[in-house]
Amino acid sequence: MNVLLVDDDYFVVTALEKKIDWASLGIEGVYTAHNVAQARDILMKHKVQILISDIEMPQGSGLELLAWIREENYNVQAIFLTNYADFNYAQKAIELRSFEYFLKPIQFDKLMLIIRKAVERATEQQQQEKAIQEGYYWQRNQAKMLEHFWRKLISGSVSCTLKAADILVAVEEQHLSSYDRNDLIQPVLLNLFPYDGSMGVEEKNLFDFALLNVLYELFQHPQFTVETVLEYSLNNWIAVLKWKEAPDSQTLDGLCAAFIQQANRSLKCDACCIVAMSGRLEGISPVIRQLLERNQDIAKRRNHIFFVEHGLRQADESYQPPDLTKLEELLERNMPEEFLRETTRYLNESVHRDHFSTSVLSLFRLDMMQLVYAFLKSKGIQAHQLYTGKTNERLLAHSLHSIEDLEAYLKYLVYTAMEYRDFAEQPKSVAEEIKQYIHAHYGEDLTRISLAEIVYLHPDYLARLFKKETGVSLGTYVISARIEAAKQLLRTTNLSVFAVAKKVGYANYSYFAKVFKQEVGVTPNEYKQDC
């Protein structure tokens, strides 16, 4: 085992190198560096298990070094030495999974104890890696064969229920001699919900690798083995367990709870588990089919565990809407928080009854959308124009993934409606925004419809509101703005009258000249000559 000492202070490095009894700690090699670049070079050339580093250094911090170590997937136990008891340093060190944070001046007896514990941790990791290599990696071909077998079995179960004879023939063809007719097979479907900050958002390969490590680490039990883990669809994985005897629901519940907790902590994402019933290998096809159907049908909750045998009953799937009249009243009374409390209460009560499917969830979402859209229409607001853009598309697309995703969409739906209702009910704000837009875009095609789209209002409603606030119609105001712009261009530029007409939005010169004379009293040419 090797250690790397990093500090820009030569005397600190020398003291550590000389005063620590490295041999008694099981450390064979001691490498030293005085900046991050030297440390990286050593780490790339030599196996290092323990890092002892200063945090503040002129050419890069120890935290930056550890971040690079984590990116490169080096298994290193990091101990930081620092002169400063800075909370931000400590927090970042924890995020980077440092082993210890030690304040200078160095007390060598205490530091020895910390290093000894770090050596023990590194030894455990080496043993685990060796066990993985010996237990899994040397069986790589067999693992691939198993994955191929189960992938075909799962895809076959989706399209049709495979006969027992077909499955047994496939076992023989793949030379999967490990299967016994008395074995009980149990698929577990793992739904993952990456969000901003999750490992999987940016680096999916890293996310997948970390997920498999979590699964193989957690799903270890004397009564079963993990046959394979494969990605069924995006963020949906299936772990196939093989039991020696009938599975215990309490054990499964504990395993799934541990997986969800580890997914929250290590993968930085939410998760839920759907546990299928167990069955003999030759009869596993309908079990898989039922699991996948339940995955499609069930209204999921993040960080929850679902058992197929406790699943939905067909007779209970009729949709019973919430009190829509009450919800409509809450919108009218400008009470979005109470509206959302009511929808959350309805969702929670429905889920607790285990009667909620995605089809029912979809009907509920449709009711809520219609309720909000009708409310906006009554205020003259064009809902289909208001709810555009990537935020709406993303939240709407994800809204049936889980109860929490639907709640996030409803929150966006309602608060967007209320915020714009408040804006639309301030006529001066709307009129001013339209006036500013006209002056900035007088050369474009400005119609009631195009202007109404700017403020998400119905064209007729906008026209009435604008005239009420300004005293002039929209059309008149557009003409006035264009003629003022034309006068400015005629006075201050060498553009021809034809060019000016086009620049202020009039493709027809004759019409421009007519409107100009009506507004100014002279023709554009006469105006230009007078200037």
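1. Let's start with the helices around the cavity. α12 (324-332) and α13 (336-352) each put at least two residues into the lining of the largest cavity. Of the two, α13 is the one to look at, as the largest share of that lining, four residues, comes from α13. Keep in mind while browsing that this is a predicted model.

2. As for the cavity itself, a search of the whole structure turns up one of 30 Å³ or more. The volume of this largest cavity comes out at about 60 Å³.

3. If you want to click through the lining, pick P322, D323, K326, L327, E342, T343, R345 and Y346. Sorted by class, that lining has four charged residues, three nonpolar and one polar.

4. Now over to the sheet. Strand β4 (residues 77-82) is mostly covered, with six of its six residues buried. Neither face is left open: Q77, I79 and L81 are buried on one side, and A78, F80 and T82 are buried on the other.

5. What does β4 pair with? Its partner here is β3 (residues 50-54), which runs parallel to β4 and is joined to it by five bridges. For a handy spot to check the register, S53 stands opposite F80 in β4. Between these two strands the chain passes through helix α3 (residues 62-71), and the resulting β-α-β crossover is right-handed.

6. To sum up for your own viewing: colour α12 and α13 for the cavity lining, then β3, α3 and β4 for the right-handed crossover. F80 makes a good label in the second view, being buried and sitting across from S53.

Key. Residues are numbered from 1 along each chain as its sequence is written. This is a predicted model: local features need pLDDT of at least 70, side-chain atom pairs count only at pLDDT 80 or more; totals for chains, interfaces and linings use all residues. Side-chain values use heavy atoms; hydrogens and water are left out. On a 1 Å grid over the protein atoms alone, a cavity is a set of points where a 1.4 Å probe fits but cannot get out, and a pocket is an open set with protein on both sides within 12 Å along at least five of seven lines; lining residues have an atom within 4 Å of a point. Grid points are joined across faces, edges and corners, and a volume is the space filled by probe spheres set on the points. Ala, Val, Leu, Ile, Met, Phe, Trp, Tyr, Cys and Pro count as nonpolar, Asp, Glu, Lys and Arg as charged, and the others, Gly among them, as polar. Buried means under 20% relative accessible area, exposed over 50%, partly exposed in between (1.4 Å probe, protein chains only). Two strands pair if DSSP finds at least two bridges between them. A crossover is right-handed if, with the strands pointing away from the viewer, the path from the first strand over the helix to the second runs clockwise.
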